[in-house]
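The following exercises concern the interior of a protein model. Each task is followed by a solution in steps.

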Amino acid sequence: MASKVKAVIFDWAGTTVDYGCVAPVKGFIDGFRSIGRDITNEMARKPMGLAKIDHTRAIAAMLPEPISEEQILKAYEVFEATLLDDIERHCDVKDYVTKTVAALRKQGIRIGSTTGYTSKMMAKVIPKAAEQGYFPDYCIAPDQVAKGRPYPYMIWKNLMYFGISDPGEAVKVGDTAADIEEGKNAGCRTVGIIMGSSELGLTRDEVAALSAEELKTKKALAAAAYYKAGADYIIDDMSELSDVIADIDRRLAQNAPRKLMTPGPLSTRASVKRAMLADHCTWDDEYKEITTSVMNDITQISADDNYATVLLQGSGTYAVEAMINCLCRKKEKILFLVNGEYGKRMLTVAEASRRNCEYLDFDMTRPIDIKKFEKKLKKDKDTAAVAFVHCETTTGVINPLEEITKLAKSCGKKVFIDAMSSFAAYEIDMPGLDIDALAASSNKCLEGLPGLSFVIAKKDLLEKSRGQSYSHSLDLFGQYEGLYAAAGKFRFTSPTNVLLALRQALDDYKQEGGLPARRARYMENHRTLVDGLEKHGIRPVTAPEHRSYIITTFELGSIDFPSLYAALKSKGFIIYPGKLTSMPAFRLGNIGDVYPSDMARLAEIIGEYVRAESIPVSEPDS
Ligand SMILES: *Cc1c(COP(=O)(O)O)cnc(C)c1O
């Protein structure tokens, strides 16, 4: 089977030829002796892998007293002469190399190479190796690029020659730390080889003279050096390389790029993923500033300075729980309006903490019924707060936030909203409507990564909430105090990389044009999807006026969900099962780094699937 790995780029001496990487060592010792300096074997080997002139300088830097540039060049000159004299005697192709290369080629993998040798030296090595059956598809030396190892340019020349644009599809194999660094810097996966390597630094005879215990110790040291340099794989010899390639193939397939048509986690932008690559400390001032800026930016999306955003480690439910638990005293009754699974979850959270609560149940395929709610409010005078979900992600039904809030407020109730899947895509005027608090998370319409959630709440309500939480870790007041009094300091370890991604996601949100632009894109995504599927007779479960533009539930009819899921996954789309009890359904989210063209393509693929399976569907409307 063709491999997803497109090229393997080998080093030469110590990796594919010259067991123990012997040739350069004698040259360096002779070179430095010619200027009156004695160096050890270890000194000669330490910088191995670098371009030979850089290697000479690196040895010079190890000398107890500095030497002049002139002396360095003299040592190099003697080194080069010795090596060129000697090199052809050190071109033995290493064990398993020709067999492994043949097997790789059979999988369609190109064979590249880089080296620390100059092109003059390589002119002698290449034909000698070819005589023994080893000949890469591409060779380059450090004198043919701007800089040798650990710079990535030789590898990139290989990739350009092979026409490979993603360095993640290439693998660098070498026998020194410099090889591994070169591979890392190029963006490739890297493999360190132990036996016969310069890192191990032993000839076949020297290996044979060691006890098993001594050899084990030396091999462990070589492996540690590769690990420190960042190697992805460390192997004993070339016979293990095929297994490594198979493992890389497996990972490439497992992590193939796909579009997530779900309501979070989402397909995220490259910028958001890239933002995670920095390491920060929770208590570092710079990090705390980033944290504060994230909270302030979130507040500004739906509220004003009378509100504060409190970040919490954990998924959205953690924020819902913190909000419900902290912003009402335990005895105060909360009325939950439930028309889906997420409404039920809010109620479960309240029941789990044994607080005073009650609920009203509604049809899942319709918005919360205002009349029924009003009747309940009129009758039930001791309710202190009302809680509901804005966009019920279970069905995609959008609830009448303004009407519910105005009614609750006119009766003097506090209002808590789960705005998880609507925040940042729907206008929510918290101050205008006097909303007390809402909960949302980083991985929905803000298009960040999972792992952070938040509550936006009135500051005075937060300040009065000291000691009201039954839970220590979900104590919103405790978290608020840390984040605000200590200028952005999380109480406990924060998901630093996820927060950096959220910072980037907020920047991208502004870049796109804020809420109006994001809303417009989601609306068009939603419209394209519904229209596209309609053509194939697949229709939403809910009425148009009840649908959100975040996620939509479609009738599954006689389509088998697992088969549809597998078919779409193979084409790069991940869909979402339905949660309706009344009929078989599936759901499609249209938020994240996805666009109308993706929606059109998805509808087309679903149409093809339905046709190919001859699944009976309802006639499209004329
Ligand atoms: C996503 C979501 C949540 C939170 O779910 P988690 O799995 O905890 O992230 C809560 N409510 C709604 C409406 C949601 O869409």
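The model is predicted.

**Exercise 1. Determine whether strand β15 is enclosed or open to solvent, and identify its pairing partners.**

Step 1. Consider burial. Strand β15 covers residues 452–458, and seven of its seven residues are buried, so the strand is largely enclosed by the rest of the structure.

Step 2. Examine one partner. Strand β7 (residues 307–313) runs antiparallel to β15 and is joined to it by seven bridges. Within this pairing, Leu 311 has Phe 454 of β15 as its bridge partner.

Step 3. Examine another partner. Strand β14 (residues 437–441) pairs with β15 over five bridges, in the antiparallel sense. Here Ser 441 is bridged to Ser 453 of β15.

**Exercise 2. Describe the largest nonpolar core and name the residues that touch the most other members.**

Step 1. The largest nonpolar core contains 94 residues, and those touching the most other members are Ile 298, Leu 311, Leu 337, Phe 423 and Ile 550. The helix that gives the most to this core is α21 (residues 496–512), with seven residues.

Step 2. Leu 311, the bridge partner of Phe 454, is thus also listed among these core residues.

Step 3. Inspect the surroundings of Ile 550. Beyond its neighbours within four places in sequence, Ile 550 is in contact with residues including Cys 391, Cys 445, Tyr 426, Tyr 522 and Leu 588.

Step 4. Look for a further core. A second, separate one has 54 residues, among them Ile 109, Val 125, Val 191 and Met 238.

**Exercise 3. Which cysteine sulfur is closest to that of Cys 391, and why is there no bond between the two?**

Step 1. Locate the closest sulfur. It belongs to Cys 445, at 7.8 Å from the sulfur of Cys 391.

Step 2. Apply the cut-off. A disulfide requires sulfur atoms within 2.5 Å; the separation of 7.8 Å is therefore too far for a bond.

Step 3. Add the environment. Cys 391 has 2% relative accessibility and so counts as buried. Both Cys 391 and Cys 445 are in contact with Ile 550.

Step 4. Extend the search. Zero disulfides are found in the whole structure. Cys 357, for example, is in no disulfide, and its nearest cysteine sulfur, that of Cys 328, is 11 Å away.

**Exercise 4. How many cavities of 30 Å³ or more are there, and which residues lie nearest the centre of the largest?**

Step 1. The count is one cavity of 30 Å³ or more.

Step 2. The largest cavity has a volume of about 60 Å³.

Step 3. Its lining comprises 13 residues, of which Asp 11, Ala 13, Gly 49, Lys 52 and Arg 149 lie nearest the centre.

Key:
Residues are numbered from 1 along each chain as its sequence is written. This is a predicted model: local features need pLDDT of at least 70, side-chain atom pairs count only at pLDDT 80 or more; totals for chains, interfaces and linings use all residues. Side-chain values use heavy atoms; hydrogens and water are left out. A nonpolar core is a set of buried Ala, Val, Leu, Ile, Met, Phe, Trp, Tyr and Cys residues joined through side-chain atoms within 4.5 Å. Buried means under 20% relative accessible area, exposed over 50%, partly exposed in between (1.4 Å probe, protein chains only). Helices (H or I, at least four residues) and strands (E, at least two) are DSSP runs, numbered from the N terminus. Contact means heavy atoms within 4.5 Å. Two strands pair if DSSP finds at least two bridges between them. On a 1 Å grid over the protein atoms alone, a cavity is a set of points where a 1.4 Å probe fits but cannot get out, and a pocket is an open set with protein on both sides within 12 Å along at least five of seven lines; lining residues have an atom within 4 Å of a point. Grid points are joined across faces, edges and corners, and a volume is the space filled by probe spheres set on the points.
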